[in-house]
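Visitor: I'm new to this one and a bit lost. Please pick a single part, take me through it slowly, and then show me how it fits with whatever is around it.

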Number of protein chains: 2
Amino acid sequence: MDFSSKLLERAVNEMSQLPGIGKRTALRLVLHLLRQPMEQTKALSEALQFMRNDVKFCKSCNNISDVELCEICSNPNRNEEIICVVEDIRDVMAIENTSSYKGLYHVLGGKISPMDGIGPHELNIEPLVNKVKEGKVKELIFALSSTMEGDTTNFYIYKQIQDYNVYTSTIARGISVGDELEYADEITLGRSIVNRVPFESSLKL
Amino acid sequence: MDFSSKLLERAVNEMSQLPGIGKRTALRLVLHLLRQPMEQTKALSEALQFMRNDVKFCKSCNNISDVELCEICSNPNRNEEIICVVEDIRDVMAIENTSSYKGLYHVLGGKISPMDGIGPHELNIEPLVNKVKEGKVKELIFALSSTMEGDTTNFYIYKQIQDYNVYTSTIARGISVGDELEYADEITLGRSIVNRVPFESSLKL
């Protein structure tokens with residue numbers, strides 16, 4: 001792509017570093033900014049820089065926060081005895097949106113993936129194990145993606161804490177609400193039959 | 001969407017102002033920046049601000065440029081007697097990529113579209129008419145999109161300049177290279193038959 005302006009070229013190059021944004025999309029976005037008032041570009045770049053420089057991670061659960069201890073961890077109405085283990089802060093947001101969980105979270109920051117060079121020590125696992133060792137945690141809910149990496153991570157953590165008095169669970173795998181049975185994969189369908197639930201409890205949600 | 005951090009929320013909101021970027025995509029992009037070194041976010045926001053504040057528009061053709069007169073307009077090897085009228089600077093880049101045009105350009109900055117509140121006076125039409133009036137232009141090539149708005153704009157400009165001694169043309173409409181004839185729409189196919197070209201000239205490109 002040939003640019004008539006170095007400033008434009010640099011902006012397009014930087015924008016196309018973002019995942020899923022190619023050169024053409026970047027050009028479209030940058031030209032959009034050029035047609036909008038200057039304030040919009042200023043607001044965008046300031047918001048990004050402030051966010052990157054000043055955002056904190058909760059010292060207890062590793063969730064993104066503006067303060068040392070995040071809103072969820074510092075909320076006295078939350079049940080401190082249940083911890084839901086998730087990969088990413090997006091998973092915290094997704095579970096919070098369901099309004100069906102009142103315990104705390106622990107954000108690992110990824111899952112064990114030797115192929116990508118991510119071992120247990122790259123993740124926020126040790127603080128979780130320490131929390132369990134302190135004896136305050138009654139239940140650990142594994143809510144990682146149902147992939148080989150997710151299962152490996154679950155198992156690694158499970159091995160570290162199995163000698164302590166803590167109940168471990170994973171979120172239920174099964175047919176999504178609204179899905180057609182005939183298109184479901186065999187493993188999911190199989191698990192959803194083995195882990196079937198009383199019909200009355202399915203009426204509640 | 002519930003955010004645990006105001007800084008994150010602000011960055012996501014600003015990012016989702018861009019066209020085609022929803023809240024979820026914006027969150028994904030912003031979290032990506034958070035995982036990358038601080039320098040990347042700094043480079044992106046600086047590039048955007050420098051671009052927005054310092055980029056110039058060529059005083060002759062309205063193309064984006066770092067200097068007063070763009071590279072194309074100031075190139076002595078270009079034929080100043082032919083002007084290609086385009087909507088947008090992206091069209092300039094697209095035509096330049098074909099390496100088949102050696103004249104100058106004139107960027108209108110849009111097309112006449114009463115539905116969107118864009119009349120002739122919102123566009124960069126007057127300077128083009130003045131160029132024609134000065135008598136230096138021999139040919140005007142209309143290279144706008146083949147839509148009702150594009151045709152309206154072509155016709156509006158044509159009416160302004162028809163009394164002056166200038167030859168006007170439009171880019172050829174026809175079947176795209178590689179397209180199957182049976183899927184072409186009737187208007188395009190009809191025009192491509194009416195405006196057929198000698199077989200020998202089709203061998204050149």
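Guide: Let's start with one pair of residues: Ile82(B) has Glu139(B) as its bridge partner, and that partner sits in strand 5 of chain B. A word on names: helices (H or I, at least four residues) and strands (E, at least two) are DSSP runs, numbered from the N terminus. Before we go on, this is a predicted model, where local features need pLDDT of at least 70 and side-chain atom pairs count only at pLDDT 80 or more, while totals for chains, interfaces and linings use all residues. Residues are numbered from 1 along each chain as its sequence is written, chains are lettered from A and ligands numbered from 1 in the order in which they are written, and side-chain values use heavy atoms, with hydrogens and water left out.

Back to our pair. Strand 3 of chain B and strand 5 (residues 139-142) of chain B run parallel, joined by 4 bridges. Two strands count as paired if DSSP finds at least two bridges between them. Zoom out a little, and you find an open sheet of 4 strands in chain B, with parallel pairing and the order 4-3-5-6. Its edges are strand 4 and strand 6 (167-170) of chain B, each of which pairs on one side only. On average, neighbouring strands of this sheet are turned by 25 degrees against each other, direction ignored.

Now for the helices that lie on these strands. Helix 4 of chain B lies across strand 3 and strand 4 of chain B, and it runs at about 160 degrees to strand 4 of chain B. Such angles run from 0 to 180 degrees between N-to-C directions, with axes as lines fitted to C-alpha atoms, for helices over the stretch in contact. Helix 6 (residues 148-161) of chain B also packs on the sheet: it touches strand 3, strand 5 and strand 6 of chain B, and its direction makes about 165 degrees with that of strand 5 of chain B.

Pause at Thr153(B), which belongs to helix 6 of chain B. Thr153(B) counts as buried because its relative accessibility is 0% (buried means under 20% relative accessible area, exposed over 50%, partly exposed in between, with a 1.4 Å probe and protein chains only). Apart from neighbours within four places in sequence, the contacts of Thr153(B) are Leu108(B), Lys111(B), Ile112(B) and Leu144(B); contact here means heavy atoms within 4.5 Å.

Helix 4 of chain B deserves a second look. In this helix (residues 89-98), Ile89(B), Val92(B) and Met93(B) are buried. Looking down the axis, you'd see the buried residues of helix 4 of chain B within an arc of 95 degrees, so they line one face of the helix. That arc is taken from the directions that lead from the helix axis to the C-beta atoms. What do the buried residues of helix 4 of chain B pack against? In chain B, they meet strand 2 (64-65), strand 3 (79-86) and strand 4 (103-107), and in chain A, helix 1 (6-15) and helix 2 (23-35). Just after helix 4 of chain B comes Ser99(B), with a positive phi near 55 degrees.

The other chain has come up, so let's follow that thread. Helix 1 (residues 6-15) of chain B has Leu8(B), Ala11(B), Val12(B), Glu14(B) and Met15(B) buried. These residues cover an arc of only 165 degrees around the axis, which puts them on the same side of helix 1 of chain B. Their cover includes helix 3 (38-54), strand 2 and helix 4 of chain A, along with helix 2 (23-35) of chain B.

How do the two chains relate? Chain A superposes on chain B by a rotation of 179 degrees with 0.1 Å of shift along its axis, at an RMSD of 0.2 Å. That is the relation of a two-fold axis. The same surface serves both copies, as 100% of the contact residues of chain A recur in chain B. The fit is by least squares on the C-alpha atoms of residues with pLDDT of at least 70 in both copies. Within chain A, the residue that comes closest to the rotation axis is Ser45(A), at 2.1 Å (C-alpha).
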